[in-house]
Amino acid sequence: MSGGMVRSLGKGSAPPGPVPEGLIRVYSMRFCPFAKRTLLVLRAKGIRHEVININLKNKPEWFFKKNPSGLVPVLETSLGQLICESAITCEYLDEAYPGKKLWPGDPYEKACQKMVFESFSKVPSLMISFLRTQNKEDCSGLKEELHKEFSKLEEVLTNKKTAFFGGSSLSMIDYLIWPWFEWLEALELNEYVDHTPNLKLWMASMKKDPTVSSFPTDVKTFQGFFNLYMQNSPEACDYGL
Ligand SMILES: N[C@@H](CCC(=O)N[C@@H](CS)C(=O)NCC(=O)O)C(=O)O
């Protein structure tokens, strides 16, 4: 399985050939939290896959044929089927491949996980806005909103009395929301989970998961990427390689 630590393809690159049988391909970007959802599910389920990184600041022309919106992640099967939108890619992988099921089989339990997912939905855009406005203006409003969103997640864990959002073991909802928690330290937002002890414990448990710990997250590398990305540098996506 590809580790994904490969340079990205940019404008002028040759389009990759068909996906070999027995493999699934993911178009990704090393620092994209949405693509990380897909990669976590691929790894957790032990699905053989290859990773093609896309230079999001200098996109290859051919990439728009894979996803007209130009966003990663995108899955491509050996039949040439294309699947985009991270949550949809994760659900597809869980349904299409055998082995450990990450969504619960019980419809009510699945609905509960989807409600948590919905409740988490403001966090990605708040974090991106925070990244964009950092050092430029006062971020107190954003921080207050983030504080509120984390309190909502804390309440779920407190009411459930379980280590993970789906119960006593890790499941789909945990992988869907995890990538943004990896950003906290790099964005110096760790104190925003000080008021949420159960969320903090959840983060500690997530870090111990073999799938999560198989992707080392280096704070300095994240910060280097953030700096270049905010400057629209075509080198951002390959930072640290
Ligand atoms: N709703 C999409 C969002 C994906 C997304 O925003 N990906 C970012 C990278 S983290 C991207 O491809 N950005 C390229 C661009 O904005 O042009 C999903 O869940 O897959």
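In the predicted model, a polar side-chain atom of Lys59 is placed 2.5 Å from an oxygen atom of the ligand. Two further approaches to ligand oxygen are found, one from a polar side-chain atom of Ser86, at 2.6 Å from an oxygen atom, and one from the backbone of Val72, of which an N or O atom lies 2.9 Å from an oxygen atom of the ligand. Taken on its own, the ligand has 520 Å² of accessible area, and the protein covers 74% of this area.

The residues around the ligand are Cys32, Pro33, Phe34, Leu56, Lys59, Gly70, Leu71, Val72, Pro73, Glu85 and Ser86. Divided by class, this shell comprises seven nonpolar, two polar and two charged residues. Val72, which approaches the ligand through its backbone, is joined to Pro73 by a cis peptide bond with omega near 5°. Pro73, itself among the residues around the ligand, belongs to the loop that runs between helix H2 (63-66) and strand E3 (74-76).

The space taken by the ligand is the largest pocket of the model, for which a volume of about 580 Å³ is obtained. The lining of this pocket is made up of 28 residues, and those closest to its centre are Cys32, Phe34, Leu71, Ile128 and Tyr229. Of these central residues, Cys32, Phe34 and Leu71 also appear in the list of residues around the ligand. Two or more lining residues are supplied by each of helix H1 (33-44), helix H3 (86-96), helix H5 (123-133) and helix H11 (219-230), and H11 gives the most, with four residues. The class composition of the lining of the largest pocket is 19 nonpolar, four polar and five charged residues.

The second largest pocket has a volume of about 470 Å³ and is lined by 25 residues, of which Met5, Arg30, Phe31, Phe215 and Pro216 lie nearest its centre. The elements that provide two or more residues to the lining of this second pocket are H1, strand E2 (49-53) and H11, with the largest share, four residues, coming from H1. Helices H1 and H11 therefore each give two or more residues to the largest pocket and to the second largest pocket, where elements are taken as DSSP runs numbered from the N terminus. By class, the lining of the second largest pocket divides into twelve nonpolar, eight polar and five charged residues.

A further backbone feature is found at Glu188, which has a positive phi of about 55° although this residue is not a glycine. Glu188 is located in the loop between helix H8 (183-186) and helix H9 (197-208).

Terms used: Residues numbered from 1 in each chain as written. Predicted model: local features only at pLDDT ≥ 70, side-chain atom pairs only at ≥ 80, totals over all residues. Heavy atoms only, no water. 1 Å grid on protein atoms, 1.4 Å probe; cavity = no way out; pocket = protein on both sides within 12 Å on 5 of 7 lines; lining within 4 Å. Points joined across faces, edges and corners; volume = space filled by probe spheres on them. Nonpolar A, V, L, I, M, F, W, Y, C, P; charged D, E, K, R; others polar. Near = heavy atom within 4 Å. Polar contact = N/O pair within 3.5 Å; in protein donor to acceptor, adjacent residues only side chain to side chain. Areas by Shrake-Rupley, 256 points an atom, 1.4 Å probe, with all protein chains shown as cover. Sits in = over half its atoms within 2 Å of the grid points.
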